[in-house]
Amino acid sequence: MQMDNCPAFLESELESGAHQKKDRASLFYVIPIPLEQTVSYGAGTAQGPAAILEASQQLERWDGFSEPLAAGIETTPFIDCSGDIATIFTRIEETVQAVVKREGIPVVLGGEHTVSLAPIRALAQECSGPVGIIQLDAHADLRDSFEGSPYSHACVMRRAMEECSCRLFQFGVRALCREEVDYRVKHGVDHLDGRAIPAAKLADFVLPADFPENIYLTLDVDGLDPSVIGATGTPVPGGPNWYQTLTFLERALVGRKILGFDLVELAPREGDHGSDFAAAQLVYSVMGIITRNL
């Protein structure tokens, strides 16, 4: 689907949204960012945002517990991803800052995982206290540089920790190099890796007691097992299933202030609309978790 013809997120329900509040600004602002510059295996992440917006037209207003749409959801124009990465980051940061001024929650749709650094930068600057990042991912993304770029998708969490002094908790990681293992140990990166998830009592999960209250959530779709979302450039077996992921997120976000979140690395493939729909559903499910915690 062409970007200029994309519907807004859940636009199919907006016209009939009798329960959507019209007396105040929306809570969620969906920001599509079709960035694809450093993918290292399968390609196609530039098409991810459009596919998610299209798939969202098939979502139900009721998410199983509530109607997140009632809090208000708007979709911004696509971010222009031409030019160098610094220029692209500036465009993203300005858009996120505009959302913050409206007291909204930015919801970034990638695009490759590199896009996450820009909203994290913007939100960390606006936030008066420390920021914690919760990362769903098959990969640690803690390399200092990858294929010649310090702003590769494989480096994004390291850049966020170093540039924004963020604390990090990783969920579902099951593919990382020795450099990343050492970095985790040196910098105290908390994690619940893929191998440990089946034995974990996720219904009782709590973040470390000293983890920041202010949270940015980043959802790389390859964090889920490929049986749930297979349309991604670097699928890795052994990830959490759908309900394990939602249970973890429900528990991890309890009592926290969510500054923003993203969903990245969907690489749509012909004939697999299930992956697109699952990605859109995950976005809407997180909106539901957030609204129920307000």
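Q: How many residues of helix 2 are buried?
A: Seven of its eight, so to speak of helix 2 (residues 48-55) is to speak of a mostly covered helix. Keep in mind that this is a predicted model.

Q: Which ones are they, in helix 2?
A: The buried residues there are G48, P49, A50, A51, I52, L53 and A55.

Q: And what covers those buried residues of helix 2?
A: The cover includes four strands and a helix: strand 1 (28-33), strand 2 (73-75), strand 3 (105-110), strand 8 and helix 8.

Q: Ok, strand 8 then. Why call strand 8 largely enclosed?
A: Because seven of its eight residues are buried, strand 8 counts as largely enclosed by the rest of the structure.

Q: Which way does strand 8 run relative to strand 3, parallel or antiparallel?
A: Strand 3 and strand 8 run parallel, and three bridges join them. In that pairing, L109 stands opposite L263 of strand 8.

Q: How many bridges join strand 7 to strand 8?
A: Seven, and those two strands run parallel as well. L263 turns up again here, since L219 stands opposite L263 in strand 8.

Q: What do strand 7, helix 7 and strand 8 make together?
A: They make a right-handed β-α-β unit.

Q: What about P235, where does P235 lie?
A: P235 is in the loop between strand 7 (214-220) and helix 7 (242-252). With 37% relative accessibility, P235 is partly exposed.

Q: How far apart are P235 and P49 in space?
A: Going C-alpha to C-alpha, P235 and P49 are 18 Å apart, with their positions 186 residues apart in sequence. P49 is one of the buried residues of helix 2.

Q: Changing topic: how big is the largest pocket in volume?
A: Its volume is about 380 Å³.

Q: Which residues lie nearest the centre of that largest pocket?
A: Those are G104, I105, K257, I258 and L259, out of a lining of 17 residues.

Q: What classes of residue are in the lining of the largest pocket?
A: There are 10 nonpolar residues, three polar ones and four charged ones.

Q: Where does the largest share of the lining come from?
A: From strand 8, which gives three residues. Helix 4 (117-126), strand 8 (257-264) and helix 8 (273-293) each supply at least two.

Q: Since helix 8 came up, is Q281 of helix 8 buried or exposed?
A: Q281 sits in helix 8. Its relative accessibility is 18%, so Q281 counts as buried.

Q: What is Q281 in contact with, leaving aside neighbours within four places in sequence?
A: Q281 is in contact with L59 and W242.

Q: And C127, buried or exposed?
A: C127 is buried, because its relative accessibility is 17% and the cut-off for buried is under 20%. You'll find C127 in the loop between helix 4 and strand 4.

Q: What does C127 touch, not counting residues up to four places away in sequence?
A: C127 touches N214 and L259. L259 is also among the residues nearest the centre of the largest pocket.

Q: Now strand 5. Which sense do strand 4 and strand 5 pair in, parallel or antiparallel?
A: Strand 4 (residues 131-136) and strand 5 pair in the parallel sense, over five bridges. One pair of bridge partners is I134 and F169, with F169 in strand 5.

Q: Does F169 have a partner in strand 6 too, and which residue is the partner?
A: In strand 6, the bridge partner of F169 is D190. Strand 5 and strand 6 (residues 190-192) pair in the parallel sense over three bridges. The chain gets from strand 5 to strand 6 through helix 6 (residues 178-187), and that β-α-β crossover is right-handed.

Q: Why is strand 5 called largely enclosed?
A: Because four of the five residues of strand 5 (residues 167-171) are buried.

Q: Last bit, the backbone. Which residues does the cis peptide bond join?
A: It joins G110 and G111, with omega at about 20°. G111 is in the loop between strand 3 and helix 4.

Q: What is the phi of D141 and of S165?
A: D141 has a positive phi of about 55°, though D141 is not a glycine. S165 also has a positive phi of about 55° and is not a glycine.

Q: Buried or exposed, for D141 and S165?
A: D141 is buried, at 4% relative accessible area, while S165 is exposed, at 61% relative accessibility.

Terms used. Residues are numbered from 1 along each chain as its sequence is written. This is a predicted model: local features need pLDDT of at least 70, side-chain atom pairs count only at pLDDT 80 or more; totals for chains, interfaces and linings use all residues. Side-chain values use heavy atoms; hydrogens and water are left out. On a 1 Å grid over the protein atoms alone, a cavity is a set of points where a 1.4 Å probe fits but cannot get out, and a pocket is an open set with protein on both sides within 12 Å along at least five of seven lines; lining residues have an atom within 4 Å of a point. Grid points are joined across faces, edges and corners, and a volume is the space filled by probe spheres set on the points. Ala, Val, Leu, Ile, Met, Phe, Trp, Tyr, Cys and Pro count as nonpolar, Asp, Glu, Lys and Arg as charged, and the others, Gly among them, as polar. Buried means under 20% relative accessible area, exposed over 50%, partly exposed in between (1.4 Å probe, protein chains only). Contact means heavy atoms within 4.5 Å. Two strands pair if DSSP finds at least two bridges between them. A crossover is right-handed if, with the strands pointing away from the viewer, the path from the first strand over the helix to the second runs clockwise.
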